[in-house]
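Me: I have a model open and would like to learn how to read it feature by feature. Could you walk me through it?

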Amino acid sequence: MEIITNRQMDEERALYGTQELLLRDCVFDGPADGESALKECRNIQAENTTFRLRYPCWHDHGIVLRDCEMTETCRAPLWYSQSIHILHSRIRGVKAIRECSNIEIVDSDIVSPEFGWSSRNMTIRNSRVEGEYFMLRAENLRFDHLDFTGKYSLQYVRGGLLTNCTMDTKDAFWHVDNLTVKDSVIRGEYLAWYSHNLTLINCTISGTQPFCYCTGLRLINCRMEDADLCFERSHVNAELTAPVLSIKNPLSGKIYVPAVGEIIRDIPEARGEVLVGETPPVPGAAHRKKKAR
C-alpha cells in the first residue's frame with residue numbers, strides 16, 4: 001500500500017483512480033480549488049486528514065476515514081460508493097452521503113442536511129447527527145445509541161432497527177415500511193403518518209398528532225407524553241403505560257391505555273377498541289394455553 005504523509009493537495013482530481021492508498025495527516029485544500037480528489041478509487045484509507053474541497057469520494061469502493069474532518073465547504077463528499085467506514089470523525093458537508101451501500105459510522109459527529117439519501121445497509125453507533133431530511137428513501141438501517149436532531153427524518157425508509165436512540169425531530173418516520181424502534185426516546189410532532197408495519201418497543205414518545213393513517217402499527221410497553229389526536233384512521237395495536245390527551249378515530253385494533261382525556265369517534269369506520277384501565281394480555285399466552293390442551 002502506498003503511503004502519503006503530510007501533504008496538501010488542491011488540484012482537480014488529485015488522486016483520481018488510485019488504489020491501495022493510505023493518507024496520513026494530509027489536507028485537501030488550496031488556491032486551485034479542485035474537485036473530486038479521490039474519484040473512482042479503491043481501498044483508500046485516510047487518517048487524521050482534512051477535506052475542504054467538494055465531492056472528494058465519488059464512485060469509490062472501500063473507504064476508511066479515521067479521525068478525519070470534512071468541513072462545511074466539503075459538499076456532497078461521499079456519493080455512489082460502497083464499503084465505507086467512518087470512525088471517530090467529524091463531518092459537516094451538506095448531502096454528505098447519497099446512494100451509497102454498506103456503510104459503517106462509529107463514534108462520529110455529523111451535521112449534514114439531506115444526509116444518507118437512497119443509501120442501503122447503513123450502521124451508525126455511538127454518534128450524533130444533525131440535519132433535515134435525514135436518510136430519505138434509505139433501506140436496511142441499523143442504528144444504536146444515535147443522538148439525532150432535525151426535521152423530516154427517516155421518511156420512506158424500508159427495513160431497519162433503531163435501539164437506544166434519542167431523536168428530537170418532526171414529521172419523522174413518514175411512509176416507513178418494516179421498521180422497529182426499541183428502548184428509544186422520540187420527541188416530535190406528526191410522527192409516522194402513513195407508515196406500514198412500524199413497531200415501537202419500550203419507547204417514550206411525545207408530541208402532537210402521532211401515528212395517523214398507519215397500517216400494521218404496534219406499540220409495546222410504550223409511554224406517550226403530551227400526545228393528542230393519536231392514531232387517527234390507523235390500524236393499530238398498542239400497549240401504553242401512561243395516559244394520553246386524546247385518541248381519534250382508530251380504524252381497527254386494540255389500544256390499552258391507563259387513562260385518556262377524550263376519545264373522539266366522528267366517522268363510522270372508527271371501530272378500533274380503546275381499552276381504558278385494562279391490562280393487556282401476556283404476549284403468546286393464548287397460544288401456549290391452546291398448545292397445552
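Reply: Gladly, and let us begin with one cysteine. C26 counts as buried, at 1% relative accessibility. Keep in mind throughout that this is a predicted model.

Me: How far is the sulfur of C26 from the closest cysteine sulfur?

Reply: A disulfide calls for two cysteine sulfur atoms within 2.5 Å. For C26 the closest cysteine sulfur belongs to C68 and is 9.5 Å away, so it is too far for a bond.

Me: And what about C214, is this residue buried or exposed?

Reply: C214 has a relative accessible area of 0%, so it is buried. The closest cysteine sulfur to that of C214 sits in C212, at 6.9 Å, which is again too far for a bond. For the chain, the count of disulfides is 0.

Me: Let me step back. Which secondary structure elements does the chain have?

Reply: The general idea is to take stock of the elements before looking at details. Here the chain has 29 strands and 1 helix. Along the principal axes, its C-alpha atoms fill a box of roughly 70 × 45 × 25 Å.

Me: What share of the contacts with a separation of 6 or more joins residues 24 or more positions apart?

Reply: This figure tells you how contacts are spread along the sequence. In this chain, pairs 24 or more positions apart make up 5% of the contacts with a separation of 6 or more.

Me: How do I read burial and surface for the chain?

Reply: Start with the residue count, then turn to area. Of the 293 residues, 50% count as buried. The accessible surface is about 13100 Å², and carbon and sulfur atoms contribute 44% of that.

Me: How many positive and negative side chains are there?

Reply: There are 35 positive and 40 negative ones, and the centres of the two sets are 8 Å apart.

Me: Which residues have the most contacts inside the largest nonpolar core?

Reply: A core is best read through its best-connected members. The largest nonpolar core here contains 76 residues, and those with the most contacts inside it are L23, F143, F173, L200, F211, L219 and F231. Take L219 as a case: beyond four places in sequence, its partners include L200, F211 and F231, which are also on that list of core residues. L219 touches M224 and L240 as well, among others.

Me: Now the backbone. Which sign does phi have at N121?

Reply: When scanning phi, look for positive values outside glycine. N121 is such a residue, with phi near 60 degrees. N121 belongs to strand 16, residues 120–130, and is partly exposed at 31% relative accessibility.

Me: Where does L154 lie?

Reply: L154 is in the loop between strand 17 (139–151) and strand 18 (158–163). L154 also has a positive phi, about 55 degrees, without being a glycine. With a relative accessible area of 0%, L154 is buried.

Me: Is Q155, in the loop between strand 17 and strand 18, buried or exposed?

Reply: The cut-off for buried is under 20% relative accessible area. Q155 has 11%, so it is buried. Outside its four-place sequence neighbourhood, Q155 contacts Y133, F134, M135, L136, R137, D171 and W174. As for distance, Q155 and D144 are 11 residues apart along the chain, with 18 Å between their C-alpha atoms.

Me: What does T50 touch, leaving aside neighbours within four places in sequence?

Reply: Reading contacts this way shows what a residue meets from elsewhere in the chain. T50 is in contact with C26, V27, F28, E69 and T71, so our opening cysteine C26, buried at 1%, turns up again. T50 itself is found in strand 6 and counts as buried at 15% relative accessibility.

Me: One last pair. Where are E232 and Y213 placed?

Reply: E232 is in the loop between strand 24 (217–225) and strand 25 (236–240), while Y213 lies in the loop between strand 23 (204–206) and strand 24. The two touch: Y213 is among the contacts of E232, together with F211, C212, K248 and N249. E232 is buried at 13% relative accessible area, whereas Y213 is partly exposed at 31%. Other residues touched by Y213 include W193, Y194 and S195.

Conventions: Residues numbered from 1 in each chain as written. Predicted model: local features only at pLDDT ≥ 70, side-chain atom pairs only at ≥ 80, totals over all residues. Heavy atoms only, no water. Helix = DSSP H or I, 4+ residues; strand = E, 2+ residues; numbered from the N terminus. Buried < 20%, exposed > 50% of the residue type's maximum accessible area, 1.4 Å probe, protein only. Contact = heavy atoms within 4.5 Å. Areas by Shrake-Rupley, 256 points an atom, 1.4 Å probe, with all protein chains shown as cover. Lys, Arg positive; Asp, Glu negative; His and termini not counted. Charge placed at Lys NZ, Arg CZ, Asp CG, Glu CD. Core = buried A, V, L, I, M, F, W, Y, C linked by side-chain atoms within 4.5 Å.
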